[in-house]
Amino acid sequence: MFRRRTRGAALVAAATAVLAAAAPVDAAAAPRTVVLATGLDRPVEVVTDRWGVPHVYAASAADAYLAQGFAVAADRLFQLDLGRRRGLGTLAEVLGPAHAERDRAARLFLYRGDMAREWAAYGPEAKTAATRFAAGINAYIDWVERNPAALPPEFGLLGHRPARWSAEDVVRIRTHALTQNLSSEVTRARVACAAGVRADRVRLRLQPEHDLAVPDGFDPCSLPADVLATYELATGSVAFTGTGVTALPAAPASAEGSNNWAIGPGRTTTGRPILANDPHRTLGSPSTRYLTHLSAPGLDVIGAGDPAAPGIAAGHNGTAAFGLTVFPVDQEDLYVYQLDPADPTRYRYGDGWERMRTTTERIAVRGEAPRDVELSFTRHGPVIRVDAAEGVAYAVRTAWLEPGTAGYLGSLRLLRAGGYAEFVEQARAWGAPAENLVYADTAGDIGMVSVGLAPKRVGYDGLLPVPGDGRYEWNGFVDGAALPQTANPPQGFVASANQYNLPEGYPVEGLSYEWNNPSRYERIVEVLGGKRKSSVADSVALQSDRLSIPARRLTAVLAGLTATDPDAAAALDLLRGWDAVMTEDTAAGALFETWVSRHLGPAFVRAVAPTALPHVLQPDNAVLVSAVEDPVPWFGSTAVRDQLVLATLAAAHRDLATTLGPDRAAWRWGSLQTTTFTHPLSAVRGDTEWNVGSFPRGGAWYTVDASVYHPVTRQQLLGASFRMVLDVGGWDRSRAVNTPGQSGDPRSPHYRDLADRWQAGETVPLLYSRGAVLRNAERVTVLLPGRR
């Protein structure tokens, strides 16, 4: 990445002195570069290993955070710049007028609260960490200005330069983290309008069971079609086309997820705990995670985090290890307001009218004069839609506009945890996104604690939009100490996969009724519980486990069926005896997924809730499987169920014969489902040179090796781009992979070097000890204090 530049004998001498004390012979051959970095107090050494992971050795934590910002920028400068502009609402400044409305939407959701409370929420070093991290990004931008050939090619393609960061940029942007459940509220309202509230149970099972009712004063049929358009602009990723740029809606929250588990020392082959984590996010190039090692007095952490934030969110500190999965707390509500006919800037609240707060902001626009835009807010949050003709406005209340809810920054409190009690105490302040934090330490303790800012709703459940007239309010937030936790359970392991995990009798009202399919969790428990002793390799293998519990359950039902239709009979023949494992080369798996996603699921909706279409194209998989297993409550009789199952099997068999050819021996699931790590500017370039893949892909929506795919194209949309398995106490034996590579620069050797390993379910060492790091050093960068 860096071109070696000599800046005088004094600079070289200083750098040599820094390296001389610690560098062993093994690291002598690694190329060394010296860089001046404004803001450093003392020299810092950054050793990048042969898998692209930077290991930062600094004399203070503050300098380590600066070097982290520098290292991330060296690998991910375009990703950082695009994310910052997207979040702050400054895309139009460099991409033109098509983005002015996108920028306005983003600015509605910036944090605008008290900054002293904001910094305090993340702990005593948060402001310093963010300030130094931003300074590190800026130091790399300074270096690029002196070495213009190093500027990532994306900037040349789009014709702009990276902007400099401030500490406030790290925390004010909120729209990149996962939240629940605004989109689901709106879809539920549309289903209720079309088919009644009970029909929504086909779309999404509520847990625990809950009688849904339409809030008094809300008409489910009243929502305009574009009520969430501004919200989707604010939260959606930026997708480039050959003729411009557009925003894509964010992936459904129910599709985003993760797996994690911790195994106690009594159930491992080494007598040391094991901790595993694989967050599931949108796949692209580069990854949404970045691996870093920060070593300084009082701080020695390694793992993965958000590229745009200091610290790490999943990893270890030499004593304690931690990972995360989404804990799907409902952190959002849509409010509907009656406007004052005499003054539409006022809305009904209680017995009177309350005025919206309105600000004007200027948006710079490339090629045009700046635009002034108005941003309006009610007491509940930003106004996303005004229907003047109907006298109605809509606003979003979201926990992630409260102090302390910048995505994943709560992890700063965890970096020095020295035991489970301390870890839990620090974790309770975590704001967003809500997570299940799994834990293990060198003392042999394991545990899990659920964290996140959870609204306390008064008199309503948060499942549908509500009037904003004061009848439906939040009464503060749930005390973090009251959220679930467990330590050293009798079974010897803990696990989470976004499933319903509230203890029996827990006061769930208002917290959440929407949880992910439990199949991944059930499979993890099945495998871990079935082994007397597990190894690190076993956990690596489990992260790539492709057994589908829904497939196993549905094919068990098929075992008792016969068919006269030749296509249905052929389908039954192919699925009988199948092991339900979704490998790339499975023919039965190709048929099964085609059947469920393209035929059985839609047919089930048409059969039991026809008027819910088109709002429910696919049923909740857990509901579908249960209905097929226990047909009478849903179909009225087993015979009706059998008729639908056989008809859809026949249709799926014909579908696959058309798609893959009549020879069933040639059918492969990997011929249908593929993975491509797409660079955001490939369409602008007009070629696929910067894409990584396409790969044939195994796994499916509900396997531990999760592959959320588009039901029409079968292109994988989400999955575990980052995986980590930690040998707690034997740290150098830990494993990880970040795909397609650590770098986001298409010219880097680490842009795509891990993709083949990821595809094969393989990992690379996650080295921790300085000796192991230096023995595997690829290059060394010495950062020296520059002029302030």
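## A walk through the predicted model

Colleague: Is Cys-193 buried, partly exposed or exposed?

Modeller: This is a predicted model, so the value is computed from its atoms. The relative accessible area of Cys-193 is 36%. Buried means under 20% and exposed means over 50%. Because 36% falls in between, Cys-193 is partly exposed.

Colleague: Which residue does Cys-193 join in a disulfide?

Modeller: By the distance rule there is one disulfide in the count. Its sulfur atoms are 2.1 Å apart. The partner of Cys-193 is Cys-221.

Colleague: What is the relative accessibility of Cys-221?

Modeller: Cys-221 counts as partly exposed. That class runs between the 20% and 50% cut-offs. The value for Cys-221 is 46%.

Colleague: What is the hand of the disulfide of Cys-193 and Cys-221?

Modeller: Look at the torsion about the S-S bond. For Cys-193 and Cys-221 it is about 105 degrees. The disulfide is therefore right-handed.

Colleague: How many residues apart in sequence are the parts that the disulfide of Cys-193 and Cys-221 ties together?

Modeller: Cys-193 lies in helix H9, residues 182–195. Cys-221 lies in the loop between H10 and helix H11 (229–235). So the pair ties together parts whose separation in sequence is 28 residues.

Colleague: What is the radius of gyration of the chain?

Modeller: The chain has 24 helices and 33 strands. For 788 residues the globule rule gives 28 Å. The chain comes close to that, so it is as compact as a globular protein of that length. Its radius of gyration is 27 Å.

Colleague: What percentage of the residues of the chain count as buried?

Modeller: The C-alpha atoms fill a box of roughly 85 × 70 × 55 Å along the principal axes. There are 788 residues in the chain. The buried share of them is 62%.

Colleague: Why is strand E2 largely enclosed by the rest of the structure?

Modeller: Val-44, Val-46 and Thr-48 point one way from E2. Glu-45, Val-47 and Asp-49 point the other way, and all are buried. E2 is largely enclosed because its buried residues, over 44–49, number six of the six.

Colleague: Which residue in E33 stands opposite Val-44?

Modeller: E2 runs antiparallel to strand E33, residues 777–785. Six bridges join the two strands. Opposite Val-44 in E33 stands Leu-783.

Colleague: Which residue in the hairpin of E2 and E3 takes a positive phi?

Modeller: E2 and E3 (residues 54–57) pair in the antiparallel sense over four bridges. One bridge partners Thr-48 with Pro-54 in E3. Four residues lie between the strands of this hairpin. The residue with a positive phi, near 90 degrees, is Gly-52.

Colleague: How many residues of strand E19 are buried?

Modeller: Strand E19 covers residues 435–441. On one side, Glu-435, Leu-437, Tyr-439 and Asp-441 are all buried. On the other side, so are Asn-436, Val-438 and Ala-440. The buried count for E19 is seven of its seven.

Colleague: Which residue in E19 is the bridge partner of Leu-324?

Modeller: Strand E11 (residues 320–326) and E19 run antiparallel. Seven bridges join them. In E19, Leu-324 has as its bridge partner Leu-437.

Colleague: Which residue in the turn between E19 and E20 has a positive phi?

Modeller: E19 and E20 (residues 446–451) pair in the antiparallel sense over six bridges. Among the bridge partners are Val-438 and Met-448. The hairpin leaves four residues between the strands. The one with a positive phi of about 100 degrees is Gly-444.

Colleague: Which helix gives the largest share of the lining of the second largest pocket?

Modeller: This pocket has a volume of about 540 Å³. Of its 17 lining residues, the closest to the centre are Arg-201, Arg-205, Leu-206, Glu-209 and His-210. Helix H10 (200–203) and helix H18 (621–629) each supply at least two of the lining residues. The largest share, three residues, comes from H18.

Colleague: How many residues in the lining of the second largest cavity are charged?

Modeller: The structure holds seven cavities of 30 Å³ or more, and the second largest has about 50 Å³ of space. Its lining includes Arg-281, Arg-289 and Glu-435, along with Leu-324 and Val-326. Strand E7 (274–282) and E11 each supply at least two residues of this lining. The lining has five nonpolar residues and one polar residue, and the charged ones number three.

Terms used
Residues numbered from 1 in each chain as written. Predicted model: local features only at pLDDT ≥ 70, side-chain atom pairs only at ≥ 80, totals over all residues. Heavy atoms only, no water. Buried < 20%, exposed > 50% of the residue type's maximum accessible area, 1.4 Å probe, protein only. Pairing = 2+ DSSP bridges. 1 Å grid on protein atoms, 1.4 Å probe; cavity = no way out; pocket = protein on both sides within 12 Å on 5 of 7 lines; lining within 4 Å. Points joined across faces, edges and corners; volume = space filled by probe spheres on them. Disulfide = S-S within 2.5 Å. Rg over C-alpha atoms; globule rule 2.2 N^0.38 Å. Nonpolar A, V, L, I, M, F, W, Y, C, P; charged D, E, K, R; others polar.
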